[in-house]
Amino acid sequence: MNNETQVQIQNKFCLTIDEAVIYFNIGEKKLRKLVADNLDSGFIIQNGVKFLIKRKRFEDFLNDITAI
């Protein structure tokens, strides 16, 4: 019996790049560029070579900018 629990994207604390592409409706290349350009912004967690995006902080970041 498998007891894995699936968490909805809108309820996750951190999103992978693939999840963030779906959630924010931003292209993968553009999202990767935003991550690379804003590594010290507070919404990125680097886990080895994998980047995780803090969902709420990234939402705040997007609310504060006028163009991407």
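Which helix does Arg 55 lie in? Arg 55 sits in helix H3, the run covering residues 55-64. Keep in mind that this is a predicted model.

**Arg 55 and its helix**

Despite being an arginine, Arg 55 counts as buried, because its relative accessibility is 9% and the cut-off for buried is under 20%. Look past the neighbours within four places in sequence, and Arg 55 is in contact with Ile 9, Gln 10, Asn 11, Lys 12, Phe 13, Leu 15, Tyr 23 and Phe 24.

Arg 55 has company in H3: Phe 58 and Phe 61 are buried too. Viewed down the axis of H3, the buried residues fall within an arc of 120°, so they line one face of the helix. Turn to the other side of H3 and you find Lys 56, Asn 63 and Asp 64, which are exposed. As for what covers the buried residues of H3, the list includes E1, helix H1 (17-24), helix H2 (28-37) and strand E3 (50-54).

**H1 from the inside**

H1 buries Ile 17, Glu 19, Ala 20 and Phe 24. These residues span an arc of only 155° around the axis, which puts them on the same side of H1. Their cover includes E1, H2, E3 and H3. Right after H1 comes Asn 25, with a positive phi near 60°.

Here are the two helix faces next to each other:

| Helix | Buried residues | Arc |
|---|---|---|
| H3 | Arg 55, Phe 58, Phe 61 | 120° |
| H1 | Ile 17, Glu 19, Ala 20, Phe 24 | 155° |

**Cys 14 in strand E1**

Cys 14 belongs to strand E1, residues 14-15. Is Cys 14 buried or exposed? Cys 14 is buried, because its relative accessible area is 18% and buried means under 20%. Leaving out the neighbours within four places in sequence, its contacts are Glu 19, Ile 45, Leu 52, Ile 53 and Lys 54. Val 49 is 35 residues from Cys 14 in sequence, and the two C-alpha atoms are 15 Å apart in space.

**The nonpolar core**

The largest nonpolar core has 13 residues. Those with the most contacts inside it are Ala 20, Phe 24, Leu 31, Phe 43, Ile 53 and Phe 58. Which elements give two or more residues to this core? They are H1, H2 and H3.

Phe 43 is worth a click in the viewer. Not counting residues up to four places away in sequence, Phe 43 touches Asn 38, Leu 52, Ile 53, Lys 54, Arg 57, Phe 58 and Phe 61. Two of those names, Phe 58 and Phe 61, are buried residues of H3.

Methods:
Residues numbered from 1 in each chain as written. Predicted model: local features only at pLDDT ≥ 70, side-chain atom pairs only at ≥ 80, totals over all residues. Heavy atoms only, no water. Helix = DSSP H or I, 4+ residues; strand = E, 2+ residues; numbered from the N terminus. Buried < 20%, exposed > 50% of the residue type's maximum accessible area, 1.4 Å probe, protein only. Contact = heavy atoms within 4.5 Å. Arc of directions from axis to C-beta. Core = buried A, V, L, I, M, F, W, Y, C linked by side-chain atoms within 4.5 Å.
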